[in-house]
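Please open the structure in your viewer and keep a selection tool at hand. The tour moves from stop to stop, saying at each one what to select and what is to be found there.

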Amino acid sequence: MSRIAAKPPRESVVDRFLRYVRVETQSKEEASTVPSTPAQWTLARMLVEELRDLGAENVRISEHCMVYATLPPNVPTNDRLPPIGFLAHVDTSPAVTGLNVNPIVHRNYQGGDIVLPNDPTQVISVAQNPVLNDLIGDDIITTDGTTLLGSDDKAGVATIMTLVDLLRENPDIEHGPISIGFTADEEVGIGIEKFDVAEFGAAYAYTIDGGTLGEISDETWSARLATVTFGGKSTHPGTAKGVMVNSIYALAEYVLQIPRDMVPETTEGRIGFVHPYIGTADVETSSIKILLRDFEMTGLAAKEELLRRIAVETEKKYPGVSIRIDVKDNYKNMREVLKDHPQLVENALEAARRAGLDPFMEPIRGGTDGSKLTFRGLPCPNVFTGGHNFHSKLEFNSRRGLEKTTETLVHLVQIFVERARGDGQFVTQHSSSRVAAD
Ligand SMILES: [Zn+2]
């Protein structure tokens with residue numbers, strides 16, 4: 001059985017977290033460079049210094065603000081004990097300001113709504129956050145109401161750094177080779193392209209970038225982007241009779257034919273969607289961009305087929321309008337690869353159980369760095385951090401959230417050693433997916 005750390009870390013995970021969230025690291029949409037903002041360097045460089053102080057090896061930072069480090073194994077290794085990676089992103093979402101984050105610790109929470117002190121209109125209510133009922137007696141960490149918190153993903157950063165700290169302080173905790181990676185620009189989707197999988201050196205990895213305690217994900221959307229372009233014919237409106245073909249009507253007709261039960265506003269759980277989200281309207285040429293999302297490739301193909309069928313019908317109804325659809329793949333459901341590596345999820349579930357949690361599987365209605373890495377040869381499920389309400393002023397985490405996530409990582413590295421030795425006799429009953437059970 002794995003051990004818990006007998007000696008505390010040099011710095012508690014909560015103190016680390018409070019220190020990191022105060023460092024501004026917002027990324028920016030539509031930048032052409034990685035990192036998209038210079039601010040991200042500050043935290044990345046701090047982490048390099050701290051990793052060196054904690055005795056990590058090969059600590060380095062790339063020209064794109066990617067931090068890499070390794071921890072050498074303290075047990076004999078073989079093929080059955082591959083290098084395991086842990087990843088978190090340093091940037092925070094551009095959706096809400098992350099400048100001058102002032103974290104507030106609500107000690108020994110006793111229930112009820114939490115009003116954020118510097119903007120009383122910002123309220124974390126029990127009605128909208130029933131998870132608060134599980135946090136009685138915990139120390140809840142919120143913002144002051146004027147910024148996001150940045151638990152996404154400084155909780156991941158702080159728990160991984162505390163793992164490194166704990167392994168140094170507790171050399172009796174057995175582990176194989178470990179790779180540590182901190183990435184930039186996750187929130188704007190461009191950073192991971194600059195992450196060097198070979199340089200990282202892990203055979204498998206976990207992104208520590210999830211939500212509710214116990215939530216483990218090996219599924220993301222399969223995602224495509226359709227651009228539908230409507231060609232009409234422009235003339236002076238004064239002499240347009242019988243000549244003008246206004247593509248705007250075809251665009252309007254097209255969008256209205258998308259079934260209402262197939263859009264983000266009406267879907268949840270495992271149900272995918274079609275989402276027209278931005279476009280331009282002009283007599284001569286109109287266009288609309290549409291997101292296609294589904295957990296199954298067959299479902300995704302059916303959605304693309306639907307868009308093409310609507311195009312044919314719209315063309316019939318609007319003579320003179322030509323419709324073109326361009327579809328490109330964005331990313332794929334990582335389960336297509338992860339299903340061949342079931343031990344990754346099994347080990348994470350077991351680690352969470354040993355930390356006293358009741359783990360469950362939850363598909364991610366989005367993409368992660370891990371979904372891209374998985375298809376680049378680094379199978380990479382996602383693990384909880386204890387955080388809630390990401391990308392919002394109502395974002396929060398808690399002492400227990402951070403401590404239990406760290407504890408899970410400490411068990412996880414030991415479980416890989418147990419399995420390599422062949423004494424992995426723990427029970428691996430598969431927790432059912434909450435969504436699938438609905
Ligand atoms: Zn994140």
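The stops below begin with a pair of helices and go on to cysteines, a loop tyrosine, cis peptide bonds and backbone angles. Bear in mind throughout that this is a predicted model.

**A pair of packed helices**

Two packed helices are described by the angle between their axes and the distance between the axes. Begin by selecting residues 13-21, which form helix α1, together with residues 151-169, which form helix α3; the two pack with their axes 9 Å apart and at an angle of about 135 degrees. Because of that angle, α1 counts as oblique to α3. If you turn the view to look through one helix onto the other, the crossing to look for is a right-handed one.

Next, show the side chains where the two helices meet. On the α1 side, the contact is made by V13, R16, F17, Y20 and V21, while α3 contributes S151, K154, A155, V157, A158, T159, M161, T162 and D165. Colouring these residues by character gives eight nonpolar, three polar and three charged ones in the contact of α1 with α3.

**Two cysteines without a disulfide**

Which cysteine sulfur is nearest to that of C65? Select C65 and then C380, whose sulfur is the nearest one and yet lies 19 Å away, so that C65 is in no disulfide, a pairing that would need the two sulfur atoms within 2.5 Å. Seen from the other end, C380 is likewise in no disulfide, with the sulfur of C65 as its nearest cysteine sulfur. The structure as a whole holds zero disulfides. With a surface displayed, you can also check that C65 is buried, at a relative accessible area of 0%, and that C380, at 0% relative accessibility, counts as buried too.

**A tyrosine in a loop**

Now move to Y318, which sits in the loop between α6 (297-317) and β14 (322-331). With a relative accessible area of 23%, Y318 is partly exposed, a class that begins at 20%. Leaving aside residues up to four places away in sequence, the residues that Y318 touches are Y249, A250 and E253. For a sense of scale, draw a distance from the C-alpha atom of Y318 to that of D15: the two residues are 303 residues apart along the chain, and these atoms are separated by 63 Å.

**Two cis peptide bonds**

Select V34 and P35 and inspect the backbone between them, where the peptide bond is cis, with omega near 5 degrees. P35 belongs to the loop between α1 and α2 (39-53). Then select D152 and D153, which are also joined by a cis peptide bond, with omega about 10 degrees. D153 is found in helix α3, the helix that packs with α1 at the opening stop.

**Two positive phi angles**

Where does N58 lie? Selecting N58 brings you to strand β1, residues 57-61, and its phi is positive, about 50 degrees, although N58 is not a glycine. N58 is partly exposed, with a relative accessible area of 49%, whereas the exposed class would require over 50%.

Finish at H391, which lies in the loop between β16 (382-383) and β17 (397-398). H391 has a positive phi of about 60 degrees, although it is not a glycine, and at 33% relative accessibility it counts as partly exposed.

How values were computed. Residues are numbered from 1 along each chain as its sequence is written. This is a predicted model: local features need pLDDT of at least 70, side-chain atom pairs count only at pLDDT 80 or more; totals for chains, interfaces and linings use all residues. Side-chain values use heavy atoms; hydrogens and water are left out. Axes are lines fitted to C-alpha atoms, for helices over the stretch in contact, and angles run from 0 to 180 degrees between N-to-C directions. Helices (H or I, at least four residues) and strands (E, at least two) are DSSP runs, numbered from the N terminus. Angles under 35 degrees count as roughly parallel, over 145 as roughly antiparallel, 65 to 115 as roughly perpendicular and the rest as oblique. A crossing is left-handed if the near helix is turned anticlockwise from the far one by less than a right angle, and right-handed if clockwise. Contact means heavy atoms within 4.5 Å. Ala, Val, Leu, Ile, Met, Phe, Trp, Tyr, Cys and Pro count as nonpolar, Asp, Glu, Lys and Arg as charged, and the others, Gly among them, as polar. Buried means under 20% relative accessible area, exposed over 50%, partly exposed in between (1.4 Å probe, protein chains only).
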